[in-house]
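Me: Hi! I'm just getting started with this protein and would love some help looking around. Can I ask you a few quick things?

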Amino acid sequence: MRCKTAVVFCNDTWLGLGLIRCLGEVGIRLECYSYGEHESFILASKYVSKGRIFKTAEDVLAFLVNDYQCLDEEKPVLFTIPDDPAYLVDMHLDKLKNKFILMNAGQQGDIGYWMDKRKMAKMAKKHGLVVPWTIELSKDETIPDFINYPVFTKSVSTIEGGKNDEGIYWNKKELGEKMATVVSDRFLVMTYIRKKQEIDFFGMSLKGKVYIDYHDEISRFPDGAYGYYGIFKRDGYEEIRQKCISMMKEIGYEGLFDIEFLLGEDGILYFMEINFRVDGAIYKLTPGVNLPAEWCKLVSEAKDDLPESLPLKKDCFIGMTEFPDFRASVLSGKMNPFKWFWEFCMADKHMMINFKDPLPVLVWAYQLISGR
């Protein structure tokens, strides 16, 4: 039996829109419940049959727990993006599992357990992956003298400080100033990796079967930030891929995920983290495989004999998040605009501009111009 309805719990960004398009383009009925401070441009997508924007992620959760009703006989599949929705759903798994088919790691709270970067790193080391040198500090303690700079800071858990606790610091003074502003009581300080590439493995797990077929190689990125133009490949990093598969099998997670690495200038591939939810670049992966659609199909069929492989298309293709990439590459003066336009035309998938679903871009542009 195929999934008829999917519910997307997301914030009001392009990442959620990409997930909506993954599902809507294959004919799955879409409901979207997003959160943000402004009117939701992603609800303008033609694929959203029903939707609503809330002020906070907690407000969406309360609606799903207390008020949501599905008109279909079968339970809808619930997708989460980014980390906050994934964490909130996992912490209320017992209340939601009778209404939805959920991504999970076993028991209520298990995804939250694995969102702890210390536990991720320990598991990665166990499976033979390289983890950067890292120490844990408290906001109030003295900075050790043995730290070699530059360093990169991040929160202990992906849902505590988030991007606010991340940054690059070149000396003890800068790190001390950062400690006064971190959100989390405790945070991580790790060796700053001078990266040649970002490598991101995309996958899906169900009933002990782990599918990891593609990785994204990003070589163009702003200083201290992530890139928006990548080449998706099936070939390469086979040993790392197998280690990722064994790690995800031991964790026991069921759902979509991605595993982030940085390729350093020293030639070493460093494990960064696992995202236990839908990845933001998932729509750019669709020239190869539509993971959200495949998850809906397999999880709703409820078969024990899962296929050995997913239906894969292109072996190599290019994805672009065009507006941020234009800003980081062309407006910064780093790239010739004609070369960028050629790459835009040659990309296999764009994250934002979509002539089959044009209204979200128009609404977003209107909001940007009007300051709404």
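Me: Is F63 buried or exposed?
Reply: Happy to help! Keep in mind that this is a predicted model. F63 has a relative accessibility of 12%, so it counts as buried, because the cut-off for that is under 20%.

Me: Cool. And what about Y68, buried or exposed?
Reply: Y68 is buried too, with 4% relative accessible area.

Me: How many aromatic pairs are there in the whole structure?
Reply: A search of the whole structure turns up 23 aromatic pairs. One of them is F63 with Y68: the ring centres are 6.3 Å apart and the planes are at 80°, so this pair is edge-to-face.

Me: Why do you give both a distance and an angle?
Reply: Because a pair of aromatic rings is described by the distance of the centres and the angle of the planes.

Me: Which residues are in a cluster with F63 and Y68?
Reply: Y33, F54 and F100 join F63 and Y68 in a cluster linked by ring pairs.

Me: New topic: which rings have a charge over them?
Reply: Here are two. The charged end of K195 sits over the ring of F221, 4.4 Å from the ring centre. R220 lies over the face of Y229, 4.3 Å from the centre of that ring.

Me: Last one: how many residues of helix α1 are buried?
Reply: In α1, which runs over residues 14-24, 10 of the 11 residues are buried. Among them are W14, L17 and R21.

Me: What covers them?
Reply: The cover for the buried residues of α1 includes strands β1, β2, β3 and β4, along with helices α9 and α12.

Note on methods:
Residues are numbered from 1 along each chain as its sequence is written. This is a predicted model: local features need pLDDT of at least 70, side-chain atom pairs count only at pLDDT 80 or more; totals for chains, interfaces and linings use all residues. Side-chain values use heavy atoms; hydrogens and water are left out. Rings of Phe, Tyr and Trp (its six-membered ring) pair if their centres lie within 6.5 Å; planes under 30 degrees apart count as stacked, over 60 as edge-to-face and the rest as tilted. Buried means under 20% relative accessible area, exposed over 50%, partly exposed in between (1.4 Å probe, protein chains only). A charge sits over a ring if NZ of Lys or CZ of Arg is within 6 Å of the ring centre and within 35 degrees of the ring normal. Helices (H or I, at least four residues) and strands (E, at least two) are DSSP runs, numbered from the N terminus. Contact means heavy atoms within 4.5 Å.
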